[in-house]
Every structure is written in structure tokens, then in C-alpha cells.
Amino acid sequence: MHSQYDILPCFPLYPPLEIFYAFGYCPIVVWNVREYSNSPHASATHLQNFVCSVARDLLDMLCNPQFTTCTAFFAYNACDTLRNLPEIVQSAFEKRAKPAPRFLHLHIPASGFRFEHQREYFALQMQALIKNLESLKEMQFSREEFSKSVRIYQKVRESYQKAQAAVADGLLSYREFSETVARCSLVSPNKQCEIFETLLQRRNITQKDGIPIVISGILPPPREVIEYIEDAGLRICVNDIASEGRSFDTFTPLSDDPIEYYMKFYENHHPCSTLHYTADRRIDELLKKAQYFNAHGFIFIGTKFCEYEYFEIVYMEEQLARHGIHMLKLEFSPDDAGNYAQLKTRIDAFAELLKEQRFGNERKSSSQKN
């Protein structure tokens, strides 16, 4: 592989990481980047105040005058806000009278890959992306390098799943896991595997008897809130956080053909509200996982103004209730400024509700056996 890698910021959540790594880039998914921004509120010049914090934090980071080391950035179409963000970024650079990084783009068919014309369109998109990369890096695409890259990122996903399984089994703290995932988003894939292996060596019984729950949201909860959840005796058995479980739960067969590989990658991707064509199977898959782990509760981590997440959550709550799964909805915004103490009471009350339900079910089952 290449000895020197250029940083390539990518957004939204599921970029074609393998092809970039094969071309000598170290792609990083710039998601949940508030702590890395040194230009707070710079986005206010370019975005309305009702835009979600994901977009605002990303633009704050990219508008940082010190952000000059990247020659390119990548984006694909997702929600209405992020769809036009690349053009806004370019406009922001023009106002600074600085050359904007080269914009790499991929358009994913919003209605999926059911028809041949959709598949043909996506193939043309991938071909155009590869040509742009060849022009930018002044090198030819290599099937061998791409195949190596695919194998490396498959190891990353396997490392993630081992760690998440340890969290589900109560052998690893979700707080440690979530912090590790965030740290790994900024390093090379080989380094990610090393970090996960170190994390797995610290396994011990932390939440073995915790009540199993599902956690879901476009962003993970803040560290303090994670501590409230685990201190209340809740165990994260199903991780549906977009930058965590949804990002790493998709395995695609090995291939040296990027068009074939990414066609399957996006077609069969873990359901997410940002991939509109996956919406029809999203709730069913979540219910199956919740029932498999015998989850008693569901915590929704809401990001203010994230419209797609809120569109589906009403129907999801209704379906969960039909299966006896309670939901707790928590909302976060940039204005919270770390004031999360008031959420502890709600989380503790939710945990007590789930404990009463579990013990009630256990007593009922015991009486039926007798």
C-alpha cells in the first residue's frame, strides 16, 4: 500500500472508504466534530439557525482558517441539509479568498437499486468518481490496491463488531466503546484495528446483569448521558447509532471491482434514515434485533432539527409499544452546553420502569411453571 496518505474529509456517514484508501488517501468521516472545531458559529454566516448541529458543526470545522492541509473533500447526497453543503463550503472558501479543496461527489439513487436504469446510473457515478481520483492523484486505478483496501476495512468492521458484542454481553462499557469509535474515525484503518484490539483486552464484567435496551439516533449521546444510562443499570444490547452500529454492521462480499462492490454495499446497507430507500425495512430489522436480545427498552437520542429521524420516530414508538418495548426520547441541541443533569432523573425513572417490567415478567413466568 502507499507509504504516504493525504487526509480526505468525507460526509455524510457512509462514504466509499475503500476506494479512497486505494488511491492513497486516509479518509475520515467528519461526523459529530464539534470538539474539533476552532471556529464556533462561523456557520451562522452560511446556514439558518434551524439547521441541525451536524451540518453546523461540520461547516464550523471546515471554515476554520487553519483548515488548509486538505486538498480535497468528499460528499454524497443524503438529507436536504447535507445535500447542498458542499456548495456552501465552496462559497465559504471563496469569501475567505482561499482556494477551496477539490470537491469529490457521488450521487446515490434516492429510490434504491431496484431497476436497471438506477444501477446503470450508479455505475456511471462510480466511473466518474474514479476518473476524478485518477486526475487528482495522477495515478491509475489498481484493482489489486482496491482489493487490499477492501480486506483492510473488512477487518475494521470485524473489530467493531467484536467490541459491540462485548458491550451487548455486558463485558465492556458502552462509554469506552463509543469514545473509541469516535477516536478511530480520525485515524487510518490499520490503526483502528490496533485500537479496537487494545480495547477488547480490557474486557471485564461491567453490565452483565444490566437490563438490555436499544439505543438509536443520528449522533451518540454525550459522555455524561452515557454514564447516566449505565449507572442506572441499563445495558446497550442493540446499537443503532448512525455513526456506530449503522456504520459498521454492513458486510459486503470481497471484490476487486468497485462498481460491483459499492452497488452491493449501498443496496444492502444497514437501514438508516439518511438512506431513504432503506426506510421500508428499517423498523422491522430493529424489532428483530430487539426481540433477539430480549430488549425491554428503547432510548432515542434526538438531534434537534434532524427532520428525518423525527419523521419516523412516531411510527417506530407505536410499533415498539405493540411488542411491549418502552421508549424514552431524549433531545439534544448545541444550546445545551453540557447541562444534562436534568436528564438523569428521567433516565433513572425509565430504568425503574423497565426493572419492574422485567421482574414482573419473571414472577409471572415462575408462577406459570409452578
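How many bridges join strand 1 to strand 3, and which way do the two strands run? In this predicted model, two bridges link strand 1 (residues 6-11) with strand 3 (residues 72-76), and the strands run parallel. One partnership to look for is Phe11 with Ala75, the latter sitting in strand 3.

## The sheet

Zooming out, those strands belong to an open sheet of four, laid out in the order 2-1-3-4 with parallel pairing. Strand 2 (25-29) and strand 4 (102-106) take the edges, and each has a single partner strand, so one side of each has no neighbour in the sheet. From one strand to the next, the twist averages 25°.

## A helix on the sheet

Helix 5 (residues 116-137) packs on this sheet and touches strand 1, strand 2, strand 3 and strand 4. Compare directions and you get about 160° between helix 5 and strand 4.

## Helix 6 meets helix 7

Further along the chain, helix 6 (residues 143-168) packs with helix 7 (residues 174-184) at an angle of about 160°, and their axes are 9 Å apart. Angles over 145 degrees count as roughly antiparallel, and that is therefore how helix 6 and helix 7 lie relative to each other. The crossing of helix 6 past helix 7 is left-handed.

Who's touching whom? On the helix 6 side, the contact uses Tyr160, Ala163, Gln164 and Val167, while helix 7 brings Tyr174, Phe177 and Val181. Sorted by class, the contact of helix 6 with helix 7 comes to six nonpolar residues, one polar and no charged ones.

Technical notes:
Residues are numbered from 1 along each chain as its sequence is written. This is a predicted model: local features need pLDDT of at least 70, side-chain atom pairs count only at pLDDT 80 or more; totals for chains, interfaces and linings use all residues. Side-chain values use heavy atoms; hydrogens and water are left out. Axes are lines fitted to C-alpha atoms, for helices over the stretch in contact, and angles run from 0 to 180 degrees between N-to-C directions. Angles under 35 degrees count as roughly parallel, over 145 as roughly antiparallel, 65 to 115 as roughly perpendicular and the rest as oblique. A crossing is left-handed if the near helix is turned anticlockwise from the far one by less than a right angle, and right-handed if clockwise. Contact means heavy atoms within 4.5 Å. Ala, Val, Leu, Ile, Met, Phe, Trp, Tyr, Cys and Pro count as nonpolar, Asp, Glu, Lys and Arg as charged, and the others, Gly among them, as polar. Two strands pair if DSSP finds at least two bridges between them.
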